[in-house]
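Biologist: I should be grateful for a close look at a single part of this chain, set against the chain as a whole. Please explain each term as it arises.

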Amino acid sequence: MIHVALVHRDLHEVSRGGICTLYRALARQLANLGASVTMITQESPHPLQAQDVTVVSLPRTEDLAQHREAVADAALPGPVA
């Protein structure tokens, strides 16, 4: 199975269009095709909700180095059984 991680700092449930709408639609289509999909974002007042998709909400920060490290940790697969 293929695993896809979609990462953007501001993915949330309430959207006016743009990248958030695109990422949610892409995640849905990839999941429908059988991919394991993880969306990684920062905490939001309107948390992202997606069916058949894992959502990881990281603490909000303006420190990009800290954010990149948190994303890398969240995106790394767990131990192989």
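Modeller: Among contacts in the chain (heavy atoms within 4.5 Å) between residues at least 6 apart in sequence, 50% join residues at least 24 apart. This is a predicted model, in which local features need pLDDT of at least 70 and side-chain atom pairs count only at pLDDT 80 or more, while totals for chains, interfaces and linings use all residues. Residues are numbered from 1 along each chain as its sequence is written, and side-chain values use heavy atoms, with hydrogens and water left out.

The part chosen is Gln42, which lies in strand E2 (residues 36–42). Helices (H or I, at least four residues) and strands (E, at least two) are DSSP runs, numbered from the N terminus. Leaving aside residues up to four places away in sequence, Gln42 touches His8, Arg9, Leu58, Pro59, Arg60, Thr61 and His67. Gln42 counts as buried because its relative accessibility is 0%; buried means under 20% relative accessible area, exposed over 50%, and partly exposed in between (1.4 Å probe, protein chains only). Across the chain, buried residues make up 26% of the 81 residues.

Strand E2 belongs to a chain with two helices and three strands, arranged along the sequence as β-α-β-β-α. The radius of gyration of the chain, taken over C-alpha atoms, is 13 Å, close to the 12 Å that the globule rule (2.2 Å times the number of residues to the power 0.38) gives for 81 residues, so the chain is as compact as a globular protein of that length. Along the principal axes, its C-alpha atoms fill a box of roughly 35 × 35 × 15 Å.
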